[in-house]
Amino acid sequence: MTQSLAGKVALVTAASRGLGRASAEALARAGCDLVICSRDRASVDRAAEEIRRATGRAVLSVVADLSDAEAIQKVLDAAMVAHGHVDVLVSNTGGPQPGPFMGFDDTAWQGAFDALLMPAVRLARGVVPGMQAQGWGRILFITSSAVKQPIPALVLSNSLRAAVTAMAKTLAGHVAKDGITVNCVAPGRILTDRVRFLDGEAAKASGRPLEDLQAELATRIPVGRYGEPREFGEAVAFLASPGAAYITGSTLAVDGGAIGSLL
Ligand code: NAD
């Protein structure tokens, strides 16, 4: 396999499982050494060890709650101490609670702002100066298909992902001449623990067996099935590759064709 990112360092957040983990592994297979973080020491260490074993790359695991500005700074500092530079940032976060618009008070909205938008802002602010100095960088924000087609049960996600997308588009223009691309990767329905949880909640609410609900949801995806985390990771690795140098300010949907909009 061509290691188009050999010698590069990737920082991938919220990477102990799911899409962050799959993105980290795909980048390691493409040649990156990694710094990954998540909230739980045992989980993030386990993910690091598994990726190390599978790819032979160096993987530093850091414990951090991404809602906490100081914790984000510690992750950025750990990456600099270990490697002196970050070439690829994959900014991922945990997803917010589902619920109706009237179900969320100011505290819930503030929590979603702190957990979804501010980590993306802080992480990008932390890596941009170094990328500008070296004249190369890739910044990727994991968002959601909700940025193209809002999901009724996920008003917090719909709103804050739109903010991340607008921030990414603006930043892309500011750093394009520095050799830095900035893009969003929008998952549709990729089978991770979060999607299992959300499907479980929907099944409970509708009184239907989970398997029936998932089979019906899969029929709404043109490809006819949920995506695999590995397939999402491949898209991330492509956007991080040197070959994707002319793609910036974009959102790439990884959704099996599910989103109905043109753009
Ligand atoms: P997941 O729940 O399977 O994994 C989330 C990861 O984030 C875990 O490693 C968890 O430990 C970590 N995490 C959660 N909160 C954190 C915090 N405060 N600080 C640090 N780490 C934290 O979720 P996933 O399916 O991999 O989704 C990743 C992101 O993509 C989420 O924001 C989710 O809402 C979004 N998304 C996913 C899908 C999908 O198809 N899986 C679709 C749309 C959007």
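**View 1. Polar contacts of the ligand.** A backbone N or O atom of glycine 94 sits 3.4 Å from an oxygen atom of the ligand, a polar contact being a pair of N or O atoms within 3.5 Å, where within protein one must be able to donate a hydrogen and the other to accept it, and residues adjacent in sequence count only if both atoms are side-chain atoms. A polar backbone atom of glycine 188 likewise lies 3.4 Å from an oxygen atom of the ligand, while arginine 194 places a polar side-chain atom 2.8 Å from a ligand oxygen atom. Of the 830 Å² of accessible area that the ligand has on its own, the protein covers 92%, with areas taken from the Shrake-Rupley method and a 1.4 Å probe, and for residues with only the protein chains shown counted as cover. The model is predicted, so that local features need pLDDT of at least 70 and side-chain atom pairs count only at pLDDT 80 or more, whereas totals for chains, interfaces and linings use all residues. Residues are numbered from 1 along each chain as its sequence is written, and side-chain values use heavy atoms, with hydrogens and water left out.

**View 2. The shell around the ligand.** Among the 26 residues around the ligand, Ser16, Leu19, Arg161, Ile190 and Thr192 come nearest, a residue being near if one of its heavy atoms lies within 4 Å. By class, the shell has eight nonpolar, eleven polar and seven charged residues, where Ala, Val, Leu, Ile, Met, Phe, Trp, Tyr, Cys and Pro count as nonpolar, Asp, Glu, Lys and Arg as charged, and the others, Gly among them, as polar. Helix H6 (193-206) and H1 each supply at least two shell residues, and the largest share, three residues, comes from H6; helices (H or I, at least four residues) and strands (E, at least two) are DSSP runs numbered from the N terminus. The ligand lies between domain 1 (9-190 + 231-253) and domain 2 (191-226), because both give residues to its shell, the bounds coming from an automatic or database domain assignment.

**View 3. The largest cavity.** One cavity of 30 Å³ or more is found in a search of the whole structure, a cavity being a set of points on a 1 Å grid over the protein atoms alone where a 1.4 Å probe fits but cannot get out, with lining residues having an atom within 4 Å of a point. The largest cavity holds about 50 Å³ of space, a volume being the space filled by probe spheres set on grid points joined across faces, edges and corners. Its lining includes Ser91, Phe141 and Arg161, and helix H4 (106-134), strand E5 (137-142) and helix H5 (155-175) each give two or more residues to that lining.

Key
1 Å grid on protein atoms, 1.4 Å probe; cavity = no way out; pocket = protein on both sides within 12 Å on 5 of 7 lines; lining within 4 Å.
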